Amino acid sequence: FYQDRIRQIEYESNFSTVCSIARSNQLSGGRGWFRVSTKYRHGTHEQYICLEEVPDAFSIYTGPHKELDCSDAERIWEIYYITKAQYKRSYGQKRLDEAVAFADDQAANMTDWVDVGTSGQMMQIARKYQKEIKKRVLYCAADGVTGIPADEIDVNAAMSMGMLAVDENGKPIQRDEDVVEVWCYLIDGAHILKKEKFIVDEIPIVPVWGLCTVLGGVQRHFSMGNRAKEPQRLLNLAISNLAALVGAQSKAQFMMDLAQIEKQHLNDWAGLTNAVLLLYNRRDKDGNDLGIPQQVVNPPQIAAVIEMYREAVEGIKAAYGVYDAQLGRTRSDQSGKAIESLKEQGDQVNFHFLANEAVAHKRLGQIMVKMIQLVDPVGSTRMVRTEAGKTHAVPLGQPFKHYRTGKEALIQPNSDVELGIT
């Protein structure tokens with residue numbers, strides 16, 4: 001159910017565009033982002049889940065984290081801009097005036113918040129997701145697995161009824177547990193415009209990183225083109241040198257004695273006509289042998305620069321993992337085994353980009369499953385989409401004929417399994 005439901009949400013959110021923007025930012029800047037949010041359907045109080053793009057990859061700022069998907073980050077900031085007209089419509093003229101006045105008083109610190117943009121008609125807004133973590137006591141039930149929060153039971157009564165597991169001293173087994181709430185703040189630099197609790201206990205912004213490494217204890221993220229810097233510099237040098245050498249060399253194609261060529265044949269030798277034969281005088285008027293006109297040979301430096309150019313191009317291909325084999329081009333001097341080896345080598349070079357995207361998609365799925373359990377209540381009917389693109393209406397919490405098996409089934413959105421499939 002969850003896979004098909006998420007597939008339908010992706011379809012409704014035009015996820016192909018969202019994913020394309022994130023992937024483009026991942027490849028070009030070393031980082032892309034996905035955002036999950038909820039909106040209300042027009043004219044109702046019904047919420048629905050949507051996936052949104054983040055066009056500016058550098059508008060997101062994360063708090064400290066160790067996990068690649070930022071699932072352990074306690075705060076994430078997102079910077080975006082709205083017009084003053086939008087600000088006034090959402091928050092009122094009074095707040096706008098206060099923000100402008102505050103910016104005037106704090107001019108050194110507020111230059112990026114108010115009167116931004118080419119015509120000064122934009123306002124910067126910061127959306128901050130903050131985890132607020134509290135501790136609670138969790139007792140162990142008699143089955144040794146289930147946890148029971150301390151504020152939900154009378155411990156003495158539960159002990160007398162044998163509902164709690166006990167240790168060797170006869171005391172109930174307990175442990176401390178973190179309870180996480182995620183709060184979203186909208187800030188204009190002068191006000192907290194809005195504060196609301198997010199629907200689940202996860203920050204709904206997910207990164208998709210490029211090449212990741214740790215340098216000096218700091219995690220760094222690189223684009224696909226980062227490793228191509230040196231080959232690109234070499235390519236630029238080769239092109240510049242080649243242009244200089246070509247510009248400096250003689251434009252003449254042949255060297256000969258003035259007596260070897262008649263005036264009427266000058267254009268033929270210059271290549272300005274379609275002459276099939278090039279005529280010249282082998283002997284002068286006195287019968288002396290003038291020899292054969294000699295073709296001008298390019299200096300050997302040009303051949304060396306061309307070879308440098310080719311090496312630079314191969315270096316760029318290696319950095320991107322895009323060899324001729326990936327482009328469908330083959331060479332007669334390469335065997336089929338060599339071509340397959342190059343394809344495999346190219347896949348390995350950029351594998352981390354695909355792997356990191358898979359990590360991001362997994363994290364998105366984890367967040368969306370939690371949201372579906374709250375947004376899709378029992379008694380509602382929700383659309384799902386199969387791999388083949390066929391949509392089906394599924395009544396939640398009610399028996400129905402399953403669209404895959406044809407058998408009666410019962411789906412509970414707040415459960416991890418489909419129930420009652422016979």
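This text walks through the pockets, the cavities and one helix of the structure above. Keep in mind that the model is predicted.

Let's begin with the open spaces. The largest pocket has a volume of about 460 Å³. Its lining is made of 16 residues, and those closest to the centre of the pocket are Ser37, Thr38, Lys194, Glu196 and Phe198. Several strands take part: β1 (31–40), β2, β5 (122–140), β7 (174–187) and β8 (192–197) each give two or more residues to this lining. Which of the elements gives the most? That is β1, with 5 residues. Sorted by class, the lining of the largest pocket has 7 charged, 6 nonpolar and 3 polar residues.

Now move on to the second largest pocket, with a volume of about 160 Å³. Among the residues that line this pocket are Ser71, Asp72, Lys131, Asp178, Glu202 and Lys370. Here the elements that give two or more residues are β5 and β7. The lining of this second pocket divides into 7 charged, 3 nonpolar and 1 polar residues.

Next come the closed spaces. How many cavities of 30 Å³ or more does the structure hold? There are 2. The largest cavity contains about 40 Å³ of space. Try finding some of its lining residues in the model, including Arg5, Ile9, Arg41, Tyr48, Asp376 and Arg382. Helix α1 (2–12) and strand β2 (47–53) each supply at least two residues of this lining, and the largest share, 3 residues, comes from β2. Of the lining residues, 5 are charged, 4 nonpolar and 1 polar.

The second largest cavity holds about 30 Å³ of space. Asp69, Cys70, Ser71, Lys131, Glu202 and Arg363 are among the residues that line this cavity. You may recognise some names: Ser71, Lys131 and Glu202 also line the second largest pocket. By class, the lining of this cavity has 4 nonpolar, 4 charged and 1 polar residues.

Finally, have a look at helix α6, which covers residues 229–248. This helix has 20 residues and spans 29 Å from its first C-alpha to its last, close to the 28 Å expected at 1.5 Å a residue. Are Pro231, Leu235 and Ala238 of α6 buried or exposed? These three are buried. When you look down the axis of α6, its buried residues fall within an arc of 60°, so they line one face of the helix. Part of what covers them is α8 (300–320). On the other side of α6, you will find Glu230, Ala243, Gly247 and Ala248, which are exposed.

Note on methods
Residues numbered from 1 in each chain as written. Predicted model: local features only at pLDDT ≥ 70, side-chain atom pairs only at ≥ 80, totals over all residues. Heavy atoms only, no water. 1 Å grid on protein atoms, 1.4 Å probe; cavity = no way out; pocket = protein on both sides within 12 Å on 5 of 7 lines; lining within 4 Å. Points joined across faces, edges and corners; volume = space filled by probe spheres on them. Helix = DSSP H or I, 4+ residues; strand = E, 2+ residues; numbered from the N terminus. Nonpolar A, V, L, I, M, F, W, Y, C, P; charged D, E, K, R; others polar. Expected span 1.5 Å × (residues − 1). Buried < 20%, exposed > 50% of the residue type's maximum accessible area, 1.4 Å probe, protein only. Arc of directions from axis to C-beta. Contact = heavy atoms within 4.5 Å.
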